[in-house]
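Colleague: Could you give me a close look at the salt bridges in this one? Walk me through them slowly, then tell me what else turns up around the chain.

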Amino acid sequence: MDALADLLDGVRARGALFSKSVMSPPWAVRFAHGSPLTLITMVRGRAWIASEDGDPLPLVAGDTAILRAPGPHTIASPAGAPTSCTVLDGNRCLGPDGEPLTEEATLGLRTYGESLDSQDLLLSGSYEVTGDLSQRLIATLPSVLVVPADECHDRLGAMIEAEIDCAAPGQQLVLDRLLDLALITKLRAWFTLPGVQPPAWYSAMADPVVGQALRLLHNQPAHLWTVASLAERCGVSRATLARDFRALVGVPPMSYLADWRVCRAADLLRETDTTVEAVARRVGYSNAFALSTAFKRLRGTTPTEHRRGTARSEPGAPEPRAPELSPTGSGAATAAAVAVPTG
């Protein structure tokens, strides 16, 4: 595993909502839901995408936009067109009059619009991302990013569009996995675009020494690492590794490792019933007290308090409050528009 693979491994779509929006100008779809991550692909036509605090960005056929919470975000053709549809959450989409959309606004399975022959076609898919490792990646992204069609050639868009129209058994699982693949390929392409400043750890992966150190830390987080032992495995002196790692990643190796271990522990505490003692040993601490000390120092809380605060709801109970990166609005994935990559 490398840093990107480790972080993306925690970003898994589960029950993601997909849709096709087929429209003729003027139109505008406003995403006012609380989904942490949304992908939008312009299959045909052109439009503009805008957030509340940024200038509109153009979208042409084949481009994919990745939207990060908080929103809202608006896709429109032309820019400034009146809102045709407002997506609030997985079950609520409002028409231009502010009233809930009726079945007359649909053109088939997961498809919204007036006519299948309309000029513009959007694919969209959105899902919840709540893990600490996932948030670590999402926090590095801008509110809106666009991957041009000619920067990432794949067939995922066509596959997703075909699957949206297919009601075969297992459809949701196929769509979820296609969305995951789309996110990975689009982010990897975006990180390499001219003018883009990827996270420090991503750029550092290309360095023969620091990249090797990062891979070792991610592959064996529970190993009893020291700067000296890490440097030895990388074939350089302790001073060289410490200097180069801090210069490229922005923090010393052991600080990076401590933060990574605590992030992994946070996800394990929230997603499993494993004891704090077992979680501590799994991520590289000798006992629960050592993990608690690191957790308190980096998070300002204890592992037990973290688990209580993010515990999954029992059936029928209210949804738990999401981690700090979640928006305050209505949080579910969206029915009439939420992300899908294309190619």
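Modeller: Here's the walk-through, salt bridges up front and the rest of the chain after.

First, the ground rules: this is a predicted model, where local features need pLDDT of at least 70 and side-chain atom pairs count only at pLDDT 80 or more, while totals for chains, interfaces and linings use all residues. Residues are numbered from 1 along each chain as its sequence is written, and side-chain values use heavy atoms, with hydrogens and water left out.

The structure has 5 salt bridges, a salt bridge being a side-chain nitrogen of Lys or Arg within 4 Å of a carboxyl oxygen of Asp or Glu. Let's take the pair Arg 177 and Asp 180, whose closest N and O atoms are 2.7 Å apart. Both residues sit in helix H4, which runs over residues 171-191, and they are 3 residues apart, about one turn of the helix. Helices here are DSSP runs of H or I with at least four residues, strands are runs of E with at least two, and both are numbered from the N terminus.

How do the two ends of that pair fare for exposure? I call a residue buried under 20% relative accessible area, exposed over 50% and partly exposed in between, using a 1.4 Å probe and protein chains only. Arg 177 comes out partly exposed because its relative accessible area is 33%. Asp 180 is buried, because its value is 8%.

Next, helix H9 (residues 253-271), where Asp 267 and Arg 270 are again 3 residues apart, about one turn of the helix. Their side chains meet in a salt bridge at 3.1 Å, N to O, and both residues are buried. Arg 270 has a second partner in Glu 271, with a salt bridge at 3.5 Å, N to O. Arg 270 counts as buried because its relative accessible area is 11%, whereas Glu 271 is partly exposed because its relative accessibility is 40%. With Arg 270 as a shared partner, Asp 267, Arg 270 and Glu 271 become one salt-bridge network.

Now for cysteines. There are 0 disulfides in the whole structure, going by a cut-off of 2.5 Å between a pair of cysteine sulfur atoms. Cys 85 is buried because its relative accessibility is 1%, and Cys 263 is buried because its own value is 5%.

Zooming out, the protein chain has 12 helices and 13 strands, and buried residues make up 49% of its 343 residues. Among contacts (heavy atoms within 4.5 Å) between residues at least 6 apart in sequence, 76% join residues at least 24 apart.

Tyr 202 is a nice local case. It is found in helix H5, residues 200-204, and counts as buried because its relative accessibility is 18%. Leaving out residues up to four places away in sequence, Tyr 202 touches Leu 4, Arg 188, Phe 191 and Thr 192. Tyr 202 and Leu 248 are 46 residues apart in sequence, with their C-alpha atoms 9.6 Å apart in space.

Then there are the prolines. The peptide bond from Ser 77 to Pro 78 is cis, with omega near -5°, and a cis peptide bond with omega about 0° joins Pro 25 and Pro 26. Pro 78 lies in the loop between strand S7 (73-77) and strand S8 (85-89), while Pro 26 is in the loop between strand S1 (17-23) and strand S2 (27-31). Pro 78 touches both Pro 26 and Trp 48, residues up to four places away in sequence not being counted. From Pro 78 to Trp 48 is 30 residues in sequence, and 6.9 Å from C-alpha to C-alpha. Pro 78 is partly exposed because its relative accessibility is 46%.

Last, the empty space. The whole structure has 1 cavity of 30 Å³ or more, where a cavity is a set of points, on a 1 Å grid over the protein atoms alone, at which a 1.4 Å probe fits but cannot get out. The largest cavity has a volume of about 70 Å³, and 10 residues line it, with His 33, Ser 35, Thr 38, Ala 69 and His 73 the closest to its centre. Lining residues have an atom within 4 Å of a point, and volume is the space filled by probe spheres set on the points, which are joined across faces, edges and corners. That lining divides into 4 nonpolar, 5 polar and 1 charged. For those classes, Ala, Val, Leu, Ile, Met, Phe, Trp, Tyr, Cys and Pro are nonpolar, Asp, Glu, Lys and Arg are charged, and the others, Gly among them, are polar.

Terms used
On a 1 Å grid over the protein atoms alone, a cavity is a set of points where a 1.4 Å probe fits but cannot get out, and a pocket is an open set with protein on both sides within 12 Å along at least five of seven lines; lining residues have an atom within 4 Å of a point.
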